[in-house]
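Student: I have a structure open on my screen and a pile of words I only half understand. Can we go through what makes each label fit?

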Amino acid sequence: MAISGRFVLLALVGLVPVTLFPDWGTVLLVCLILCSVLLLDLSLAANLRKVTLDRALPGNVTLTSSTEAVLTIGNTGSRPLRAFVRDAWQPSAGAQNPRQRMDVPASERRRMKVLLKPARRGDLTSPHVTLRAFGPLRLAARQRTLPCPGSVRVLPPFHSRRHLPSKLRKLRELDGKAAVQIRGAGTEFDSLRDYVRGDDVRSIDWRATARRTAVVVRTWRPERDRRVVIMLDTSRTAAARIDDEPRLDTGIEAALLLAVLAERGGDRVDFFAFDRRTRGRAGSSSKGNLLGQLVQAMAPLDPELIELDWGQVPGQIRQISVHRSLVVLLTPLDSGVPEEGLLPMAAQLAQQHVVVVASVRDPMLGAMQKERTTAAQVFRAAAAERALLEREAVAIQLRHLGVEVVDAEPHQLPPALADAYIRLKAAGRL
Amino acid sequence: MTSVAGSKAQGTPETPHVPGTPQTPPPSEAPRTPETPGRSSARRAALTVTAWIRRHRTWTVLCLISAVGVGLTIAALLSPHGDGFPLSTRNAAPDGARAVAEILRSQGVDVRQTDNFPATMSALDDAAESSADDETGPTLLLYDRNGYLDQEQVQTLQRATDRLVVVTPRLNTLNALGSGIRPAGVVPAGVATLDPGCGMEDPASAGSVTAESGYLYTAPRVCYEPAGGPGGLYAGSEDRRLTVLGSTQILSNDLLDDHGNAALALRTLGASDQLVWYLPDISDVTAADTPQTLDDLAPPWVDFLGLWLAFIAVLAMLWRGRRLGPLVFEPLPVVVKAVETAEGRARLYHDAHAVDRAADNLRAGTLVRLAWLLRLGPEAESTAIVDAAARHVGRTTEETARVLEARPRTESELVRWAQQLETLEKEVTAR
C-alpha cells in the first residue's frame, strides 16, 4: 500500500482539533478517524489482481529517432481503476513519460502511450509494470508490480549513410554506363561500340575496326558477383572508446557503408561478428533486404571481455565462402600481440583471398605526440610516439604480406574503407 | 506504519520463492518417511525460516551485529564501574576513597554509597533495620563539597543517624548542625603532620596524621591543633554523635597509608557495622527557587502541536519514500579510453625517469616521418635521412645530425630537445 499527498494534507488538517483541545483523547480520536478513512479508501480501491496488461511494441527503432510503446491496461474487476502506472523501461530507453495517471472504468481497457527516445543501441527492455490503484478519495492506494516483459530493438544509426551518394557515384564511374571512360577500369570485357571523340585511343580494338569501316572501341565494366566477407571483431578491444565512441560502433558504421556499397556494386556481401563464437551473421544470400538484416544482426552486439580466437577465423570464412573473396577484418592493429594473432592469420588468408584490415586510429595519440611543453607532456609524447610506431610496424608487416591496411580516425574510417573497396574494384583485384 | 509499508514493498519479490521452499526435500522421500502433520509443518516452518535467512543474508548479519552491539552497550552500562568524584568509594584515582571503603568492607562493615537525599534516607532506614539488634546505629559519612544540601536536609540527616561524620563542612552545613562547631581557617602552610594532643580515643590511638591543605574547626572537643592556631583538624560534639574531619587527604587513596591516616579513618568510620557514604550531587538542590522554564510558560497545546507535526513528518516521509516499483537494471557498457594505455606508459616513463627511452621513441618517430616526407621509403638509413633533411632545409649535415642524434641526459634537456625535433619537422614540412 501507499499513501498520497492528500492523506498528509488531511493529517495536517487534524492539527486544528489537536491544538484546540490538547488532550490525548483528541489525538486518539483524530488518529482513529484518519485510520478509518484510510482503510475505507483502501478497501474501495480497485483490485489489482483483476488487471490485465498487454503490450504493443514497435519492433525496431533507429538510435536517433523516437517511438511510442503502447501498454493496454484492462480492468476486469467491478470497481473503477484510478491508477498511477509506471512502465519500468531501463534508463537508456529514454522513456519520456513512464509514469502516467490512468483511469480505467470497470470492464474496460485503456491505452497508455510511452514515448521512447533511446540513448543506446541494442535490445532495451522493460521487465515489469507497477500499478498504484487509489481509492475514490485518492487518499491511499494499493500497489502491485506485475511482470510484463517488453523489449525494443534499437538499430545502429548508420551515420555514414551520408557518404553513400558520393561513393556510389565513384562506383558508377567505374561502370561502362558512365560518360567518363577510364582505361583499365575493371577487367571484364563489356562490349564494343563506335568511337566517339574523347575516347582513349588505347582502347581502340583494331581487330574489330578492321572488320568494319568505322573505328570501334572496347568498353570494360567492373567485375560483378564477387564476394565480400566482413568480419567484425567483438572481443575486448572493441570495448575501448575512441573519440567517445566504442571501436565496435565505428566498426559497425564502416561495415554498413561497405556492405551497402558492395551490394550496389553487384557483389555478394556476408557479415559476421566474432570473438570466440559467432555473435551475429547476415548476408545477401538469404532472403530479404540486406541492410535490414545487417542492422538486425548488429543491433544486439556488445563487446565481450574476452580475447579474439584468431585460429577459428579462417574456418569461419571458409564456411561462408570457399572462393576467392574480399575479406575485410574490422579489428584494431594494436591489440596485444599481433605477431601471434593477426599477422599469421592474415598471411594465411592472403594466400587465398584479398584481405583488408580496417582499424580505428586514436586522434588523441596525435594530439599527445604534438604537445611538448612540460616534462610530463614530453613523456606522454614519447609514449604516443611509441604506440604509433608499433601500429606503423604492424601495418608495414601486413602490407608486406599483401594485405591492404586502412587506418583512419573514427569519422574517417567508413569512407576510407569504402575508398579502399572502390580502389580494389577499379584495379580488378577482387 | 513503516513496517507495514516495508513488508508490503518486499512482499512482491518474495512471492515466487514461497512455493519453491516446500519442494526442497526430494519428493521420493516423502512417502517413505511418513511424518506426523505437526512435525512436518514444524520442519517446513524451519525450512522457510532458513530460506528467509539465506535470502536476506545481509540484513540478517546486520541485525545480528547491531543486536550484539546493543547487548554489549547495555552490559557495559549495567556493570558496576568507577566514577571520577573525589572521595567516591568507586573512585580508584588518588583523590578517591576506594581503598578505605574496601578495607572497611573486608572488616565486615557494610558500606553503601549514595548520591541523593531520598536514597540516603532509605539506605539509613535499611541499615537501621538490618542492625536493629545491635546497640550501634548506622554511621553516615557526609561530604558535601559544594554545599548542595540545605538546612532542613542536613537536620533530617542528623536526626536519622546516631553517628554523623562530616568531612570538611562549609559554614552553612555547620550552622544547620548547630552543635557549636565553627570553622577556624586552614592549617598553616608548612605543617606536614599534626599530633593528636587530646584525650579523644580515636585520634589518641591513631597518632599523627597528614595535615596539608586541611581545615581547622573550633569545637568543645578538638584534636590535632596546630601550634598557636585556634581549632583543630578533628572536632567532635559534646554528645559524640557528630564528628568533623577537616581533611579529605586522610581518607584519600593517595595518602591513606601515610602516618596514622588509615587508623584514624578506620576507627572513625568503622565504629558500627553499617556505613552510609553520602556524596550529595546537583539533584539534591531544592528546586523551589529555580526560575520558570520555557516548558512551564508554554501553553499546553504546544506539546501536542510538536507531537502532531512529527507524526505528519513521518507520514510525509512515507508518502514520498514509497517507491513506485523496484529499480530497473541497466547493463552499462565499458567506459575505457583507448588512450589510457599510452598514458599509463607515459606515467611509467616519467616515474622511472626513462629519459633515454623517451628520447629514442621521439627520435624514431621523427625519423620515420621525415623519411616519409622526404620520400626515402621505410627502409632508409638514419644517415641518409639526416643528409636529405639537411639538404632540404638548407643547413649543414652536422647541424641537423646534432639535433637528430643528440642524447639528452636530464628531463629539462629532453624537453628542449623534443621542441627542437618538432621545429625541425615543421621546417621540413614547410619547404
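**Sheets, buried residues and pockets**

Tutor: Let's start with a sheet in chain B, keeping in mind that this is a predicted model. Seven strands of chain B sit side by side in the order β1-β11-β2-β3-β10-β9-β8, forming an open sheet with mixed pairing.

Student: What makes β1 and β8 of chain B edge strands?

Tutor: Count their partners. β1 (110–114) and β8 (221–223) of chain B each have a single partner strand, so one side of each has no neighbour in the sheet. On average, neighbouring strands here are turned by 15° against each other, direction ignored.

Student: How do you know that β2 and β11 of chain B really pair?

Tutor: Pairing takes at least two bridges. Strand β2 (residues 139–142) and strand β11 (residues 274–278) of chain B have four bridges between them, and they run parallel. So they pass the rule of at least two bridges. One place to look is Leu140(B), whose bridge partner in β11(B) is Val276(B).

Student: Why is Thr243(B) called buried?

Tutor: The cut-off is under 20% relative accessible area. Thr243(B) comes in at 6%, so it counts as buried. You'll find Thr243(B) in strand β10 (residues 242–245) of chain B.

Student: Which residues does Thr243(B) touch, leaving aside its neighbours within four places in sequence?

Tutor: Its contacts are Leu164(B), Val165(B), Val166(B), Tyr234(B), Ala235(B), Gly236(B) and Thr268(B).

Student: And what is chain B like overall?

Tutor: Chain B has 17 helices and twelve strands. Of its 431 residues, 36% count as buried. Its accessible surface is about 24,800 Å², and 58% of that belongs to carbon and sulfur atoms.

Student: What are the matching values for chain A?

Tutor: Chain A has twelve helices and 19 strands. Here 53% of the 430 residues count as buried. Chain A exposes about 19,500 Å², with carbon and sulfur atoms supplying 53% of it. Take contacts between residues at least 6 apart in sequence: in chain A, 72% of them join residues at least 24 apart. For chain B, that share is 62%.

Student: What makes you say that strand β17 of chain A is largely enclosed?

Tutor: Six of the six residues of β17(A), residues 325–330, are buried, so the strand is largely enclosed by the rest of the structure.

Student: Which residues lie on each face of β17(A)?

Tutor: Here's a handy rule: in a regular strand, side chains alternate between the two faces of the sheet. On one side of β17(A) are Ser325(A), Val327(A) and Leu329(A); on the other are Leu326(A), Val328(A) and Leu330(A). Both sets are buried, and both faces are covered.

Student: Which strands pair with β17(A), and over how many bridges?

Tutor: β12(A) pairs with β17(A) in the parallel sense over six bridges. β18(A) also pairs with β17(A) in the parallel sense, over five bridges. For a check on screen, Leu232(A) has Leu330(A) as its bridge partner in β17(A), while Val327(A) has Val355(A) as its partner in β18(A).

Student: Why is Ala346(A) called buried?

Tutor: Same cut-off as before: under 20%. Ala346(A) has 0% relative accessibility, so it counts as buried. Ala346(A) lies in helix α9 (residues 342–352) of chain A. Beyond its neighbours within four places in sequence, Ala346(A) is in contact with Val355(A), Leu398(A) and Val403(A). The C-alpha atoms of Ala346(A) and Val403(A) are separated by 7.3 Å, although the residues are 57 apart along the chain.

Student: How many cavities are there of 30 Å³ or more?

Tutor: Four. The second largest cavity holds about 100 Å³ of space. It has 13 lining residues, and closest to its centre are Arg247(A), Leu330(A), Thr331(A), Pro332(A) and Val360(A).

Student: What about the largest pocket?

Tutor: The largest pocket holds about 1,200 Å³ of space. Its lining has 34 residues, with Glu392(A), Gly365(B), Val368(B), Arg369(B) and Trp372(B) nearest the centre. Helix α11(A) gives the most to this lining, with nine residues.

How values were computed
Residues numbered from 1 in each chain as written. Chains lettered and ligands numbered in written order. Predicted model: local features only at pLDDT ≥ 70, side-chain atom pairs only at ≥ 80, totals over all residues. Heavy atoms only, no water. Buried < 20%, exposed > 50% of the residue type's maximum accessible area, 1.4 Å probe, protein only. Contact = heavy atoms within 4.5 Å. Areas by Shrake-Rupley, 256 points an atom, 1.4 Å probe, with all protein chains shown as cover. Axes fitted to C-alpha atoms, helices over the stretch in contact; angles between N-to-C directions. 1 Å grid on protein atoms, 1.4 Å probe; cavity = no way out; pocket = protein on both sides within 12 Å on 5 of 7 lines; lining within 4 Å. Points joined across faces, edges and corners; volume = space filled by probe spheres on them.
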